[in-house]
Amino acid sequence: MRYLAKTRKELGFPTPFNVLGPLTNPVQPGRAVIGVNSTKLGPVMSEALQILGRRNYAVVCGDENLDEISIAGSTQVWHIDDVGQIEHYTIHPNDFGVPTHPLAAAAGSSLDANQATLIRLLSNNITEHDVAIRDFVLVNTGFLLYISGKATSMNEGADMARETLESGKVKQLLESFAQSTQQLKTALN
């Protein structure tokens, strides 16, 4: 699959590999959230995951055909519980304690601008423009924490994500990871 990634990206539209990738991933976490870009794929993907024996997985599709949880409105969820039953439900940014935002408010731009946004976000020094991006991070991370069992509700998951982000722990972890990868690179050369 990794050899096809560049070609898939250059095509500019989803291919069957967008569906096959999550199904054939050799890493099989005990819990996961998988995004699909069409509500028609939600039931198909969740049933395939169910047949493969995956439990505590959620397939999500924002109502804008977004393969993530939307900050603009509702998101459809197909949740495979711990006994393999699929429950379909709808979630909304309000479930995470955040307001809705237009998707355009969270759109990226140039590499330099995106890097600056990330630095502000990780440094807890966000501007008014960054609020939608932060909230996008909170709803998606909060839902993952909920599905993983680390949070008992989506709102609690978003609160945990906010606390971790604002405390500087995420920045420290990223810096530590970057330093470790640079040391590994040096050791391998």
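This short presentation goes through the fold, the central sheet and the empty spaces of one predicted chain.

Let me begin with the conventions. Residues are numbered from 1 along each chain as its sequence is written, and side-chain values use heavy atoms, with hydrogens and water left out. Since this is a predicted model, local features need pLDDT of at least 70 and side-chain atom pairs count only at pLDDT 80 or more, whereas totals for chains, interfaces and linings use all residues.

I turn to the overall architecture. The chain has seven helices and four strands; helices (H or I, at least four residues) and strands (E, at least two) are DSSP runs, numbered from the N terminus. Along the sequence they follow the pattern α-α-β-α-β-β-β-α-α-α-α. Of the 189 residues, 31% count as buried, where buried means under 20% relative accessible area, exposed over 50% and partly exposed in between, with a 1.4 Å probe and protein chains only. Among contacts (heavy atoms within 4.5 Å) with a separation of 6 or more, 54% join residues 24 or more positions apart.

Next, the sheet. Its four strands form an open sheet in the order β1-β2-β3-β4, with mixed pairing; two strands pair if DSSP finds at least two bridges between them. The edges are taken by β1 (32-35) and β4 (86-91), each of which has a single partner strand, so one side of each is left without a neighbour in the sheet. Neighbouring strands are turned by 25° against each other on average, direction ignored. For such angles, axes are lines fitted to C-alpha atoms, for helices over the stretch in contact, and the values run from 0 to 180 degrees between N-to-C directions.

Strands β2 (residues 57-62) and β3 (residues 75-80) are antiparallel and share six bridges. Within this pair, Tyr57 stands opposite Ile80 and Val59 stands opposite Trp78. Helix α3 (residues 41-51) packs on the sheet and touches β1, β2, β3 and β4, its direction making about 15° with that of β3.

Ser46 gives a view of that packing from within helix α3. Is Ser46 buried or exposed? Its relative accessibility is 1%, so Ser46 counts as buried. Leaving out residues up to four places away in sequence, Ser46 touches Val59, Trp78, Ile80 and Ile86.

On its other edge, β3 is joined to β4 by six bridges, again antiparallel, and His79 stands opposite Glu87 in β4. These two strands form a hairpin with five residues between them, and Gly84 in the turn has a positive phi of about 95°. How many residues of β3 are buried? Six of its six are: Thr75, Val77 and His79 on one side, and Gln76, Trp78 and Ile80 on the other.

Beyond the sheet, I would draw attention to His101, in the loop between β4 and α4. His101 has a relative accessible area of 13% and is buried. Apart from neighbours within four places in sequence, His101 is in contact with Ile71, Ala72, Val131, Ala132 and Asp135. The C-alpha atoms of His101 and Ala132 are 6.0 Å apart, although 31 residues separate the two in sequence.

Finally, the empty spaces. On a 1 Å grid over the protein atoms alone, a cavity is a set of points where a 1.4 Å probe fits but cannot get out, and a pocket is an open set with protein on both sides within 12 Å along at least five of seven lines; lining residues have an atom within 4 Å of a point. Grid points are joined across faces, edges and corners, and a volume is the space filled by probe spheres set on the points.

The structure holds one cavity of 30 Å³ or more. The largest cavity contains about 30 Å³, and Leu121, Asn124, Ile126, Arg134, Leu165 and Glu166 line it.

Leu121 belongs to helix α4 (residues 111-122) and, at 8% relative accessibility, counts as buried. With residues up to four places away in sequence not counted, Leu121 touches Ile126, Arg134, Val137 and Leu165. Leu121 and Glu166 lie 8.3 Å apart, C-alpha to C-alpha, across 45 residues of sequence.

Leu121 also appears in the lining of the second largest pocket, together with residues including Ala106, His129 and Ile133. That pocket holds about 160 Å³, and α4 gives the most to its lining, with six residues.
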